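Trainee: Please give me a close look at one part of this model, the salt bridges. Then set them against the rest of the chain.

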Amino acid sequence: MATTSSVGEYSWTPELLQIRWQDGALTEHCSLWLRDNCAADRDPQNGQRLVDIADVPANPRLRSVSLAGEVVVVAWEDEDRTATFALSLLAQQGRRGPHYRPEHRVRRWLDGAGLDPRSDFAFRPFAELERDAAARLDWLTRLAQDGIAFLSGVPRTDHAILAAGALMGHVAETNYGLVFDVRSVASPENLAYSDLGLGLHTDNPYRDPVPGFQALHVLIASPDGGDSLFADGFALAEHLRASDSETFERLTRTPVPFLYRSKDAELYSETPLIGLSAAGEVQAVHYNNRSIAPLRLAADDMRAFYAAYRRFAMLLREPRFQMRMKLVDGDLVVFDNQRTLHGRTAFSSARHPRHLQGCYLTRDSVFSRVAVLRLESRAETVR
Ligand SMILES: [Fe+2]
């Protein structure tokens, strides 16, 4: 909790408040931002803003600023109103940008081959997560940061994955159902439902939005083949940006069509293989050779795209970037489907049946679950 003792010194002009904190950081708060964030302009129950920017003075000028306990008290020229701002809010707003939420601090892992999923990632018993909110918060935060996490001891019963999914967020139903079975069938509508090995990919780029997180629960592991493969798409994309910026740029700029067609679904979406945020950060990777549809580009762009696409595909095949593991009965893996690529080695269902159940979770619901747990844990600490 920031208080006046956290403040080294402060100064202000009619346009700007500057605070030098005891730790040496300087934060700046312009008058218009302060005026637009008055608590009096928000609904006291739900916190939603009651005014639009057009209702706020275009050039509000600070008339007075003073410190009092844990708040700054501000008044403006030509208005009677005063407003208070928690010092903790100003400390946070002024210096940490969008990344002050722990779950948004991405921890990239490039060389997956050198990692042990049981020690390098969050890998905890399902029963522990069910009974312990602190363990759940830690596990979910690491899932968000690493893009992958694991559970053990999930009951090997039909649809038990939904009980695990309920701890993480909202399960999303698709044309594959609320839960889908990953096992070999005759005439599969998706190659995932065969014995074939699958190269690293993300699921369903033909959807809009694409599935946020994917969970896979092992009901019957194959002792012979069917190993799981994972790679960090964000780390690979950054590796590509650093080593071959032209290819990287091409993959961020070329919309790629993806298509899925079955007797009851026709799903089509266009998206670049690497998606960037407004700040230029990698925020999505979409890669699925099985569902990429014929591209429609001018010849020069087509050649350039294919070269870039091949370069990225070759990166995905490099063993050093792949974390390979054998999930066992009752294990569950969940991963960020807009970041973490997954695949598997081939297996023989004739020799050994292999059966996983999967589901998708909306991306925002997982991040929401982390944030709510964090707020609840802070309330517990204060209580
Ligand atoms: Fe998949």
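Mentor: Start with the criterion. A salt bridge here is a side-chain nitrogen of Lys or Arg within 4 Å of a carboxyl oxygen of Asp or Glu. Keep in mind that the model is predicted.

Apply that to the whole structure and the search returns 26 salt bridges. Some join up. Arg35, Asp41, Glu79 and Arg81 are linked in a network of them. Three other pairs deserve a look of their own.

Take Glu15 and Arg61. Their side chains meet in a salt bridge, with N to O at 3.0 Å. Glu15 sits in the loop between strand E1 (7–12) and strand E2 (16–21), while Arg61 sits in the loop between helix H1 (31–36) and strand E4 (62–68), so the bridge ties together parts that are 46 residues apart in sequence. Neither burial nor full exposure applies here. Glu15 is partly exposed, at a relative accessible area of 43%. Arg61 is partly exposed too, at 36%.

Next, Asp232 and Arg339. This salt bridge has an N to O distance of 2.8 Å. Asp232 belongs to strand E13 (residues 228–232), and Arg339 to the loop between strand E19 (332–336) and E20, so parts 107 residues apart in sequence are tied together. The setting is buried for Asp232 and for Arg339.

Then Arg250 and Asp301. Their closest N and O atoms are 3.2 Å apart. Here two helices are linked: Arg250 lies in H8 (residues 245–253) and Asp301 in H9 (residues 299–317), 51 residues apart. Asp301 is partly exposed, with a relative accessible area of 37%.

Now the surroundings. The chain has 383 residues, and 47% of them count as buried. Its secondary structure comes to 10 helices and 21 strands. The C-alpha atoms fill a box of roughly 80 × 55 × 40 Å along the principal axes.

The iron site is another long-range link. The protein donors of the iron ion are His201 (NE2), Asp203 (OD) and His342 (NE2), at 2.1 to 2.2 Å from it. Their spacing in sequence is H-x1-D-x138-H. The two histidines bring distant parts of the chain together: His201 is in strand E11 (residues 198–201) and His342 in strand E20 (residues 340–344), 141 residues apart. Both His201 and His342 are buried. Strand E20 also borders the loop that holds Arg339.

One helix shows how burial can be one-sided. In H6 (residues 160–168), the buried residues include Ala160, Ile161, Ala164, Gly165, Leu167 and Met168. These residues cover an arc of only 150 degrees around the axis, which puts them on the same side of H6. The periodicity behind this is simple: an α-helix has 3.6 residues a turn, so residues three or four places apart point the same way.

Last, the internal space. The search finds one cavity of 30 Å³ or more. The volume of the largest cavity is about 70 Å³. Its lining is Val218, Ala221, Ser222, Gly225, Gly226, Ser228, Lys326, Leu327, Arg354 and Leu356. By class, that makes four nonpolar, four polar and two charged residues. Ser228, from this lining, falls within the range of strand E13, where Asp232 of the buried salt bridge also lies.

Note on methods:
Residues are numbered from 1 along each chain as its sequence is written. Side-chain values use heavy atoms; hydrogens and water are left out. On a 1 Å grid over the protein atoms alone, a cavity is a set of points where a 1.4 Å probe fits but cannot get out, and a pocket is an open set with protein on both sides within 12 Å along at least five of seven lines; lining residues have an atom within 4 Å of a point. Grid points are joined across faces, edges and corners, and a volume is the space filled by probe spheres set on the points. Ala, Val, Leu, Ile, Met, Phe, Trp, Tyr, Cys and Pro count as nonpolar, Asp, Glu, Lys and Arg as charged, and the others, Gly among them, as polar. Donors are N, O and S atoms within 2.8 Å of the metal (3.2 Å for Na, K and Ca); water is not among the atoms, so sites may look incomplete. Helices (H or I, at least four residues) and strands (E, at least two) are DSSP runs, numbered from the N terminus. Buried means under 20% relative accessible area, exposed over 50%, partly exposed in between (1.4 Å probe, protein chains only). The arc is that of the directions from the helix axis to the C-beta atoms.
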